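Me: I am new to this structure and would like to understand the reasoning behind the words used for it. Could you take my questions one at a time and set each value against its definition?

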Amino acid sequence: MSSQTNKTIIDNLQLAYRAVLLQIVRSLEKDQQEQLRFYFKELIKMGDPRALSILSSLENEGKISWTDVSFLKDGLREVGRLDLAKNLTEFEIKRNLTVLLDFYARMRQGSRESSIRSALDSVEKVAEYLLIITRDVAQDGFDVSESVRSLVGESRDVKNLMREFEEKCDQELTDPWSKLTLLIVFSCEILAVALAKEEHHQKQEVMRLLFTAAEDLFPRILKLGNWEEFCDHVTKRYHLVYNQENAVSDTEATSLTIKKQIADVVQHLKQTNFFS
């Protein structure tokens, strides 16, 4: 992935972060703004008491940024705005998914260049674990990447492709976190295909795919639990396997071919110890 694309990803994430902050500014009542200023009073100079000034002061003190909003979440909970803290949690999940998809797709192409640094290293680690799983399947004679590339080439409707893949996951897997993890892997592979043929005029389409995937996946994580639980699932499964066992009409015709290839991808990934 080009460094310019990485810059665009960060720009978009920063804009999403600022949009959430503005939502907070518009939503806080006057008394809640005063309570928040009191809660953070050691960090905020006397002056404008409004919420925008409070958030700017926290940024200037290095207490909040697009990579870390936990400090602000604590403050919002203390003043009784759990709804706004939840908005920040949703931003965090979408941000982490975006970064995970980006890391995975870039590593799939053999690049480890990163413009998204230390604060999100744990997300990169999860991406590495998932990539190792798919590479192990390739060593067993089934190339997940090539199969997904073929699927994307035959079906221009990525959303429908994802829907059919999810249906197959539901049929073949019982653990909800494993279903979601497999769906995330498939999304990563689709993005990797798009990035492999990235050209200047295609960058907007790649970015659209990236952020749409994160937007579609984040409610599924919220439904099951939270981002930490997803990471725990992947990490525990990875260490269980690798630290102990070190595994192991034309339209109708096209549709049938796609269904068969989706079934092949799910079956081969399902057979690894990671998803069993």
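Me: How do you know that the length of α9 agrees with what is expected of a helix?

Reply: In this predicted model, α9 has 21 residues, and the expected span is 1.5 Å times one less than that number. The expected value is 30 Å, and α9 reaches 30 Å from its first C-alpha to its last, so the two are close.

Me: What makes Asp175 a cap of α9?

Reply: A side-chain oxygen of Asp175 lies 3.2 Å from the backbone nitrogen of Trp177, at the N-terminal end of α9. A polar contact needs a pair of N or O atoms within 3.5 Å, and therefore the distance of 3.2 Å falls inside that cut-off.

Me: Why is α9 called mostly covered?

Reply: A residue counts as buried when its relative accessible area is under 20%, and 18 of the 21 residues of α9 are buried.

Me: How do you know that the span of α10 agrees with its number of residues?

Reply: α10 has 22 residues, which at 1.5 Å a residue should span 32 Å, and its end C-alpha atoms are 32 Å apart, so the values agree. The buried residues of α10 include Val206, Leu210, Ala214 and Phe218.

Me: Which element gives the most to the lining of the largest pocket?

Reply: That element is α10, with eight residues. The pocket has a volume of about 370 Å³, and the elements that give two or more residues to its lining are α8, α9 and α10. In total 19 residues line the pocket, and those nearest its centre are Val158, Lys159, Met162, Thr212 and Asp216.

Me: What makes up the lining of the largest pocket by class?

Reply: The lining has nine nonpolar, two polar and eight charged residues. Among the residues nearest the centre, Val158 and Met162 count as nonpolar, Lys159 and Asp216 as charged, and Thr212 as polar.

Me: Why is Glu92 called buried?

Reply: Glu92 has a relative accessible area of 14%, and the cut-off for buried is under 20%, so Glu92 is buried. Glu92 is found in helix α5, and its side chain makes a polar contact with the side chain of Lys73 at 2.7 Å, a distance within the 3.5 Å limit for such a contact.

Me: How do you know whether Leu58 is buried or exposed?

Reply: Its relative accessible area is 0%, which is under 20%, and therefore Leu58 is buried. Leu58 lies in helix α3; Leu58 and Phe71 are 13 residues apart in sequence and 9.0 Å apart in space, C-alpha to C-alpha.

Me: What does the protein chain as a whole consist of, in helices and strands?

Reply: The protein chain has 12 helices and zero strands. Buried residues make up 47% of its 276 residues, and the chain exposes about 14,000 Å², of which carbon and sulfur atoms supply 48%.

Methods:
Residues are numbered from 1 along each chain as its sequence is written. This is a predicted model: local features need pLDDT of at least 70, side-chain atom pairs count only at pLDDT 80 or more; totals for chains, interfaces and linings use all residues. Side-chain values use heavy atoms; hydrogens and water are left out. On a 1 Å grid over the protein atoms alone, a cavity is a set of points where a 1.4 Å probe fits but cannot get out, and a pocket is an open set with protein on both sides within 12 Å along at least five of seven lines; lining residues have an atom within 4 Å of a point. Grid points are joined across faces, edges and corners, and a volume is the space filled by probe spheres set on the points. Helices (H or I, at least four residues) and strands (E, at least two) are DSSP runs, numbered from the N terminus. Buried means under 20% relative accessible area, exposed over 50%, partly exposed in between (1.4 Å probe, protein chains only). Accessible areas come from the Shrake-Rupley method with a 1.4 Å probe; for residues, only the protein chains shown count as cover. A polar contact is a pair of N or O atoms within 3.5 Å; within protein, one must be able to donate a hydrogen and the other to accept it, and residues adjacent in sequence count only if both atoms are side-chain atoms.
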